[in-house]
Amino acid sequence: MLTNTISANVTYFGDYNGQKIDKLSLSNGNNVTVSALSFGATLYEIISPDKQGKLSNIVLNYPNAADYLQNPFYVSMAIGRTGGRIKNAELELNHKTYKLEANEGTTTLHGGPHGFNTHIWDSQIIDEAGIPAIQFHRLQRHSEDQFPGDIDVTITYRLTEDNTVKIELAATALNEDTVFNPTYHTYFNLGDSDTILDHELMVDADTHLAFDANKLPTGEFIDVDNSPFDFRKPTSLGKAIEAMQNTKEKGFDDIFKINETNQGQGIAVLSDPNSGRSVTINSDRNGLVVFTANSFTHDHMNLTKTNGLGMPYEGVALEAQNLPDATRFNDFGDIVLPKGDTVAHEIDYHITF
Ligand code: GLA
């Protein structure tokens, strides 16, 4: 019989607006630990050995719950109902237009001002045939975020014996047709350096999305050929970011369309040659946002890694999701969740060291 080495632990993390925040953790026999906060269902840390066995946290985080909402960067938080930008805060669905709340000029970004990341979730350790998992649950109501209908949302974290962190985001549309395109805004930094400039990134994408001035998709796909966006082979992030210095963004804040030929061999692989750590991301969705934290500042960013400061390129957010604002375009994929239906999406991070 296989021995289960996965163990679970719950500790008090802190208070937010007078409410208690828990930190829930899973560990395996290889010294890998994943922890999540009931605040925002946030991915708080993934502790992993490096090639020498030294343990470090490989995702960006803050010491206090209140720090998470001090800036617009969604540090490693759960994002929903929809990741990315919705034009004019107007959701198109069933030939109707639903007015949402804007939180970036006239745009709704990452579920709007009352999205998944802004709430404290019910949390518990569950038992799945003798193996513990972390589970978050809440009802996201139309009256909170103006998206159509109420949805019942469950987020489950699992850790495997072979060092894969699996995050499942499931929703049931309770009383109306709605949309569901959640993601995790996970910023990785796999090494001891303050930036990811020494990391290499592979993304299985032949194209990325064209944007207008508000970073809204125009519907056009741009070939990555002969451009800094070509990550089809492992590519130095430092060199790619260098090649973007003549752009306004001075780095990447872009949406890649994952190739349809991808069959679970990793939509992206991030590696750090210095520490020997690598993360392979799997997801069944058709998009990946790559944000190299170009606009991180010293202000309002009490990041643990850099002792209370933030700095450009401190991490790279890799956000597996369906292409954003998908109901506006015919070829962006289906994010509609019909009334009464349940859908589950999984994002996997397989860690090697
Ligand atoms: C995503 C977006 C960025 C930015 C970050 C959070 O990566 O594409 O433009 O909004 O989220 O700040």
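What follows is a conversation about the ligand site and the pockets of this predicted model.

Biologist: Which residues count as being around the ligand, and what makes them so?

Modeller: The cut-off is a heavy atom within 4 Å. The residues that meet it are Pro72, Phe73, Tyr74, Arg85, Leu109, His110, His185, Lys215, Asp253, Val289, Phe291 and Glu319.

Biologist: And what is the make-up of that shell by class?

Modeller: There are six nonpolar, two polar and four charged residues around the ligand. Tyr counts as nonpolar here, so Tyr74 belongs with the nonpolar part of the shell.

Biologist: Why is the pair between Arg85 and the ligand called a polar contact?

Modeller: A polar side-chain atom of Arg85 lies 2.7 Å from an oxygen atom of the ligand. The limit for a pair of N or O atoms is 3.5 Å, so this pair qualifies.

Biologist: What about Asp253 and Glu319?

Modeller: For Asp253, a side-chain N or O atom is 2.3 Å from a ligand oxygen. For Glu319, the corresponding distance is 2.8 Å. Each value is within 3.5 Å, so both pairs are polar contacts as well.

Biologist: How much of the ligand does the protein bury?

Modeller: The protein buries 92% of the 300 Å² that the ligand exposes when taken alone.

Biologist: How do you know which pocket the ligand sits in?

Modeller: The test is that more than half of its atoms lie within 2 Å of the grid points of a pocket. The space that the ligand takes is the largest pocket, which holds about 630 Å³ of space.

Biologist: What lines the largest pocket?

Modeller: Its lining has 35 residues, with Pro72, Tyr74, Arg85, Glu104 and Leu109 nearest the centre. By class they divide into 15 nonpolar, 13 polar and seven charged. Strands β22 (253-257) and β25 (287-291) each supply at least two of the lining residues, and β22 gives the most, with three.

Biologist: Now the second largest pocket: what is its volume, and which residues lie closest to its centre?

Modeller: About 330 Å³ of space lies in the second largest pocket. It is lined by 15 residues, and Phe211, Lys215, Lys248, Glu249 and Asp253 are the closest to its centre.

Biologist: Which strand gives the most to that lining, and what classes are found there?

Modeller: Strand β19 gives the most, with four residues; β19 (207-211) and β22 each supply at least two. The lining of the second largest pocket has six nonpolar, three polar and six charged residues.

Note on methods: Residues are numbered from 1 along each chain as its sequence is written. This is a predicted model: local features need pLDDT of at least 70, side-chain atom pairs count only at pLDDT 80 or more; totals for chains, interfaces and linings use all residues. Side-chain values use heavy atoms; hydrogens and water are left out. A polar contact is a pair of N or O atoms within 3.5 Å; within protein, one must be able to donate a hydrogen and the other to accept it, and residues adjacent in sequence count only if both atoms are side-chain atoms. Accessible areas come from the Shrake-Rupley method with a 1.4 Å probe; for residues, only the protein chains shown count as cover. On a 1 Å grid over the protein atoms alone, a cavity is a set of points where a 1.4 Å probe fits but cannot get out, and a pocket is an open set with protein on both sides within 12 Å along at least five of seven lines; lining residues have an atom within 4 Å of a point. Grid points are joined across faces, edges and corners, and a volume is the space filled by probe spheres set on the points.
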